[in-house]
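I set out to record what I looked up in this structure. The entries concern one helix and one ligand site.

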Amino acid sequence: ALLDEAPKPLVGRHAIVTSGPTHEPIDPVRYIANRSSGRQGHAIAAALARLGCSVTLVTGPVTLPDPAGVETKHVETAREMMAAVEAALPADIAVMVAAVADWRTVFDEGHKIKKQANAAPPALQLVENPDILKTIGHHAQRPKLVVGFAAETDDVEQNGRAKLARKGADLIVANDVGHGTGVMGGARNQVHILTPEGTDTWPDLDKDEVAARLAKLIADKLAT
Ligand code: CTP
Ligand code: CA
């Protein structure tokens, strides 16, 4: 009964959250991927749902279960993720947490690439994937609040701010993945919240705690 009385400021709102890596096939047995456990994205989807939000989670391949109370769509590639996100519009909130592979290979045949004696290794021809956050940040059906992540190894705040502008986001969650906590796949995260108004540096927190704080911040921003 106590739980039912918890405040649900996001009732009537719809959020789209991306999570996990994408896998880009090289041939039928190999792929290119980014490092991502999906923990932070899944935790954010669950935290938004706990505030009463209707949530569509679009996730790449992860070993996590689908979060309770969240409509979860499973995809593999960046192009599939882009299509699933656009299909889920309209939304009030977009939180793009996925570690999307920036490039895919030009993949035209369904044959396994074989090693060949005395031949040079195959050269992979890469093409750029769609930028999902940037597309949503400039979309005709742009959600009221667009949130992105920036995992950086250097100049975290400066690189994060450049992304805030370039992607048309309202807020970027930037973290240093170079050393210590925030290392990809870990349980904890130390982030900086970048908005046009300024920077708020949060302490080193459990990813569930980062998710709960971010969901609360999103609810506060939508309320004003
Ligand atoms: N993102 C996305 N689609 C892509 C690439 C990134 O939606 N094709 C999103 C991520 O989910 C994240 C944000 O954009 O919210 C920043 O991702 P990041 O990889 O840091 O930015 P890039 O623009 O790809 O720049 P770079 O990798 O060169 O730092
Ligand atoms: Ca990238």
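I looked first at the end of helix H1: Gly 52, with a positive phi near 95°, follows H1. Helices here are DSSP runs of H or I with at least four residues, strands are runs of E with at least two, and both are numbered from the N terminus.

I noted that the model is predicted, that local features need pLDDT of at least 70 and side-chain atom pairs pLDDT 80 or more, while totals for chains, interfaces and linings use all residues. Residues are numbered from 1 along each chain as its sequence is written, chains are lettered from A and ligands numbered from 1 in the order written, and side-chain values use heavy atoms, without hydrogens and water.

I then checked the span of H1. Its 12 residues, 39-50, reach 16 Å from first to last C-alpha, close to the 16 Å expected (1.5 Å times one less than the number of residues).

I asked how many residues of H1 are buried (under 20% relative accessible area, 1.4 Å probe, protein chains only). I found 10 of the 12 buried, so H1 is largely enclosed by the rest of the structure. Among them are His 42, Ile 44 and Leu 48. Their cover (heavy atoms within 4.5 Å) includes strand S1 (14-19), strand S4 (54-59) and helix H5 (207-223).

I turned to ligand 1. Of the 13 residues around it (a heavy atom within 4 Å), Met 96, Ala 98, Pro 130, Lys 163 and Lys 167 come nearest. A backbone N or O atom of Pro 130 lies 2.8 Å from a ligand 1 nitrogen. A polar side-chain atom of Arg 166 lies 3.2 Å from a ligand 1 oxygen.

Notes:
Buried means under 20% relative accessible area, exposed over 50%, partly exposed in between (1.4 Å probe, protein chains only). A polar contact is a pair of N or O atoms within 3.5 Å; within protein, one must be able to donate a hydrogen and the other to accept it, and residues adjacent in sequence count only if both atoms are side-chain atoms.
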